[in-house]
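Colleague: Could you take one spot in this model, look at it closely, and then walk me outward from there? I'm new to this, so please go slowly and keep it friendly.

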Amino acid sequence: MTKEYENEILYHYTDYQALDGMLHQAQLRVNNVLNMNDAAEMRYFMDGLCDAVAKRLESEGDSKRAGQVRALFREELKKEFYYSAYAACFSLHRDDAAQWERYGNRGRGVCIAFQGKYLQKMARGALSLQTVFYQDNMENHNLTGVFCRLMKRERELSARNPDIKKAMNYAWSCSAAFKHPSFLSEREVRLVVSPFVKEYFDVKPCYHITTERIKKYYPLDLTAMCRKIGIGLEELVPEIIIGPESTQSKSILQDYLRDGGMKELAERVSLSSCPLRRPPD
């Protein structure tokens, strides 16, 4: 196992309904990346990857292959919705003003800490834990080299080719962990689920219905995931932070945790020290 997250705590900024879902129902929802605020960026990633691969082949004098690569990716991009990935988002920043504003219900929510080493152990099969890639230019992305070698090796550049299909699946998964460089300060990590890798994923989708739209999500069973790696839920979650603008009583949240059988976690609840104050209307 890579040691990338061995000593990292990953912070998930959210609201109290999501907190209840994670702790009371032991369910982590992963939502469609196409519904997030960076919905177009999966396509942007794939376009950038295509361009980087084609340009590298052209620089090596293989314009014919470069043209075939562009045609191959054009066909892949028509399947965008089929390759919709789902993700739960975390930050390496603890008690961060920007995270509270964007994802923590404008500071009125809660931040749940997760042990990165355990999330990484859970990330197998259709699940992957990925550091978000922020560079505009895909030239230095590891997939560029992978695709160049693959395109030069294969006689037929077709999505029917098993090796090309496997590489495309991985590229779509990676595209779910890409954001515009202007978000670099977020230091985001994503637990990405790729439902299209069906041989590794048998979770049934669920739907959340609001007055405005229907959202599709996949519920991950945290109890089963913890059991699989030999830990309890309280070991996975080392801390809970009440948001700087939240009206939540610390003592009531602690009672909620104790009554739910999480006495140790109740002692690890803290109040945000972030001086986040919105200006008056």
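Modeller: Let's start with Asp95, and keep in mind that this is a predicted model. Is Asp95 buried or exposed? Asp95 counts as buried, because its relative accessibility is 12% and the cut-off for buried is under 20%. You'll find Asp95 in the loop between E3 and H4. Its backbone has something worth a look too: phi is near 50°, a positive value in a residue other than glycine. If you want a second example, go to Arg106. Arg106 isn't a glycine either, and its phi is positive as well, at about 55°. Arg106 also sits in a loop, in this case the one between H4 and strand E4, which covers 110-115. So H4 is a handy landmark, since the loop with Asp95 runs between E3 and H4, and the loop with Arg106 runs between H4 and E4.

Those landmarks also lead us to the largest pocket. Both strand E3 (86-91) and helix H4 (97-103) are among the elements that give two or more residues to its lining. Which element gives the largest share of that lining? That would be E3, with 5 residues. Strand E1 (9-14), helix H1 (16-23), strand E2 (27-32), strand E6 (188-193) and strand E8 (214-221) also give two or more. The space in this pocket comes to about 1,200 Å³, and 35 residues line it. To find its centre on your screen, pick out Thr14, Asp15, Ala18, Asn31 and Lys215, the lining residues that lie nearest to it. What is the lining made of, by class? It has 15 polar, 11 nonpolar and 9 charged residues.

Helix H1, one of the lining elements, holds Gln17. Here we get the opposite of Asp95 in terms of burial: Gln17 counts as exposed, because its relative accessibility is 69% and exposed means over 50%. Now try a distance: Gln17 and Ala40 are 23 residues apart in sequence, and their C-alpha atoms are 27 Å apart in space.

Next, follow the chain to the loop between helix H7 (162-175) and E6, where Lys179 lies. Lys179 is buried, at 1% relative accessibility. What does its side chain do in there? It makes a polar contact of 2.8 Å with the side chain of Glu186, and another of 3.0 Å with the side chain of Glu188. Glu188 turns up again in a distance: its C-alpha atom is 27 Å from that of Ala266, with the two positions 78 residues apart along the chain. Ala266 is in helix H11 (residues 263-266) and is buried, with a relative accessible area of 0%. Skipping neighbours within four places in sequence, Ala266 is in contact with Gln254, Leu257 and Arg258.

A little further along is Ser270, in strand E10 (residues 269-271). Ser270 is buried as well, at 17%. Its side chain makes a polar contact of 3.2 Å with the side chain of Glu239. Again leaving out neighbours within four places in sequence, the contacts of Ser270 are Arg94, Glu239, Ile240, Ile241 and Ile242.

For another contact list, try Leu233 in helix H9 (residues 233-236). Leu233 is buried at 18%, and beyond four places in sequence it touches Met22, Leu23, Leu222, Cys226 and Met262. Its C-alpha atom is 29 Å from that of Leu34, which is 199 residues away along the chain.

That mention of a cysteine brings us to one last topic. How many disulfides does a search of the whole structure find? It finds 0. Why is Cys111 not in one? The closest cysteine sulfur is in Cys274, and at 11 Å it is too far from the sulfur of Cys111 for a bond, because a disulfide needs the two sulfur atoms within 2.5 Å. Cys226 is in no disulfide either, with the nearest cysteine sulfur, that of Cys111, 17 Å away. Both are buried: Cys111 has a relative accessible area of 0%, and Cys226 is at 2%.

Note on methods: Residues are numbered from 1 along each chain as its sequence is written. This is a predicted model: local features need pLDDT of at least 70, side-chain atom pairs count only at pLDDT 80 or more; totals for chains, interfaces and linings use all residues. Side-chain values use heavy atoms; hydrogens and water are left out. Buried means under 20% relative accessible area, exposed over 50%, partly exposed in between (1.4 Å probe, protein chains only). Helices (H or I, at least four residues) and strands (E, at least two) are DSSP runs, numbered from the N terminus. Contact means heavy atoms within 4.5 Å. A polar contact is a pair of N or O atoms within 3.5 Å; within protein, one must be able to donate a hydrogen and the other to accept it, and residues adjacent in sequence count only if both atoms are side-chain atoms. On a 1 Å grid over the protein atoms alone, a cavity is a set of points where a 1.4 Å probe fits but cannot get out, and a pocket is an open set with protein on both sides within 12 Å along at least five of seven lines; lining residues have an atom within 4 Å of a point. Grid points are joined across faces, edges and corners, and a volume is the space filled by probe spheres set on the points. Ala, Val, Leu, Ile, Met, Phe, Trp, Tyr, Cys and Pro count as nonpolar, Asp, Glu, Lys and Arg as charged, and the others, Gly among them, as polar.
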